[in-house]
Structures are given as structure tokens and as C-alpha cells.
Amino acid sequence: MARAVRWRPVQWLMHLGIHALVPRHRVGISLVPVDEQGRILLLHHVFHPYVPWGLPGGWLNRNEKPEACALRELQEETGLVARLGPVVHLIREEVPPHVNVAYLGYVEPAPMTLSAEILEAGWFSPDALPKPLFPFTRDAIAAALQLRTWQSA
């Protein structure tokens with residue numbers, strides 16, 4: 001079997017089989033943007049009328065690295081640049097079915113330019129976050145803050 005797998009036609013058939021049979025998931029990427037004062041940047045999204053405040057983020061593009069997507073979404077939605085930290089939260093969501101990943105991001109101070117998707121943006125202290133928040137957003141922020149606390153200890 002190991003020899004057969006090295007043969008190009010078998011590799012091609014395996015690749016075709018994977019594309020045809022293995023389930024695919026959408027991947028949502030978010031960033032928990034933190035400034036030097038420890039505040040969290042949240043955005044008032046046009047497309048989330050019932051839970052308007054959330055993290056910068058969006059869908060992972062085909063062949064895009066998740067890290068690049070997190071930084072791209074922040075830049076597209078706010079014009080800001082960040083230094084990417086680690087993954088702080090990962091979950092499978094039911095509606096719509098997708099895997100959601102959140103990174104910690106250290107934002108460099110600069111003026112914001114909001115995209116048409118964003119109504120407003122605000123820097124919030126961790127104890128004064130707007131409500132309601134999606135559970136994913138709340139859990140990602142909590143994980144990011146716990147990681148930051150642990151790193152500074």
C-alpha cells in the first residue's frame with residue numbers, strides 16, 4: 001500500500017476522493033484587539049442587528065492563512081494594524097455551521113477608518129463591555145484577558 005501511494009495516479013485519486021468525500025466547513029476568523037492600556041476594541045457591525053457589538057473578523061478566504069485573515073479583517077474594517085498573538089479560542093458553531101477561531105492581537109495606536117460594514121468602533125475596558133455579546137465573543141475576550149494576565153505575571 002505504501003508503494004502504491006507514492007505513484008502519481010494514486011495520489012491524484014486520493015486527492016479527488018478527499019475533495020469529493022471529506023466534509024468541508026466554513027471557517028470564521030476573529031481578532032481580540034487589545035491596546036497598550038489593556039482595552040478591547042469592539043465594532044458595531046451592520047450585519048448583526050440583534051447583537052451589534054463584536055470583534056473584527058470574517059470568513060477565511062480560499063487558500064488564505066488564518067493568521068493573515070485575522071490581520072486582513074482588522075485592517076479592512078478599521079484601517080488598524082496589529083501584531084498577531086496566539087489563538088485564544090476555537091469552537092464549532094451550529095448556525096451557520098462553521099469553525100470559529102479567535103486570535104489575540106496587539107494593536108498599534110493609529111486613527112481608525114471604518115469600512116461600510118461598521119457603524120462605529122469603541123475601545124472598552126474589560127469590565128465595561130457592551131451587552132449583549134455573542135457567547136463566542138465573550139469567551140474569546142475572557143480567554144485573551146486570561147492569557148495576557150498570565151503572560152504579564
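**Exercise 1. With which residues is Glu 64 in contact, leaving aside its neighbours within four places in sequence?**

Solution. Start with the list: beyond those neighbours, Glu 64 is in contact with Trp 59, Cys 69 and Arg 72, where contact means heavy atoms within 4.5 Å. Next, place the residue: Glu 64 is found in the loop between β4 and α3. Helices (H or I, at least four residues) and strands (E, at least two) are DSSP runs, numbered from the N terminus. Finally, check accessibility: Glu 64 has 16% relative accessibility and counts as buried. Buried means under 20% relative accessible area, exposed over 50%, and partly exposed in between (1.4 Å probe, protein chains only).

A word on the model before going on: it is predicted, so local features need pLDDT of at least 70 and side-chain atom pairs count only at pLDDT 80 or more, while totals for chains, interfaces and linings use all residues. Residues are numbered from 1 along each chain as its sequence is written, and side-chain values use heavy atoms, with hydrogens and water left out.

**Exercise 2. Which residues do salt bridges that share partners join into one network?**

Solution. First, the rule: a salt bridge is a side-chain nitrogen of Lys or Arg within 4 Å of a carboxyl oxygen of Asp or Glu. A search of the whole structure finds five of them. Take Arg 72: its side chain meets that of Glu 64 at 2.6 Å, N to O. The side chain of Glu 76 meets that of Arg 72 at 3.2 Å, N to O. Glu 76 and Arg 72 are four residues apart in helix α3 (residues 66–78), so they are separated by about one helical turn. Glu 76 is partly exposed, with a relative accessible area of 40%. Now join the bridges that share partners: Glu 64, Arg 72, Glu 73 and Glu 76 form one network.

For comparison, look at another bridge. The side chains of Arg 39 and Asp 35 meet at 2.6 Å, N to O. Arg 39 is partly exposed at 28% relative accessible area, whereas Asp 35 is buried at 9%.

**Exercise 3. Where do the buried residues of α3 fall, seen down the axis of the helix?**

Solution. Begin with the length. The expected span is 1.5 Å times one less than the number of residues; for the 13 residues of α3 this gives 18 Å, and the end C-alpha atoms are 18 Å apart, which agrees. Then list the buried residues: Cys 69, Ala 70, Glu 73, Leu 74, Glu 77 and Thr 78. They fall within an arc of 130°, so they line one face of the helix; the arc is that of the directions from the helix axis to the C-beta atoms. Their cover includes β1, β2, β4 (57–59), β5 (82–93), β6 and β7 (118–124). Just after α3, Gly 79 takes a positive phi of about 80°.

**Exercise 4. Which element gives the largest share of the largest nonpolar core?**

Solution. A nonpolar core is a set of buried Ala, Val, Leu, Ile, Met, Phe, Trp, Tyr and Cys residues joined through side-chain atoms within 4.5 Å. The largest has 17 residues, and those with the most contacts inside it are Val 32, Ile 40, Leu 42, Leu 129 and Ile 141. Elements giving two or more residues are β1 (26–34), β2 (40–45), β6 (98–107) and α4 (135–152). The largest share, four residues, comes from α4. A second, separate core of 13 residues includes Cys 69, Ala 70, Val 107 and Ile 118.

**Exercise 5. Is the pair of Trp 53 and Phe 124 stacked or edge-to-face?**

Solution. Rings of Phe, Tyr and Trp (its six-membered ring) pair if their centres lie within 6.5 Å; planes under 30 degrees apart count as stacked, over 60 as edge-to-face and the rest as tilted. The count comes to one aromatic pair. The centres of Trp 53 and Phe 124 are 5.2 Å apart and the planes stand at 80°, so the pair is edge-to-face. Trp 53 lies in strand β3 (residues 53–54) and Phe 124 in strand β7, 71 residues apart. Both are buried.

**Exercise 6. Which residues does a cis peptide bond join, with omega of about -20°?**

Solution. That bond joins Val 95 and Pro 96, and Pro 96 lies in the loop between β5 and β6. Another cis peptide bond joins Lys 131 and Pro 132, with omega about 0°; Pro 132 lies in the loop between β7 and α4.
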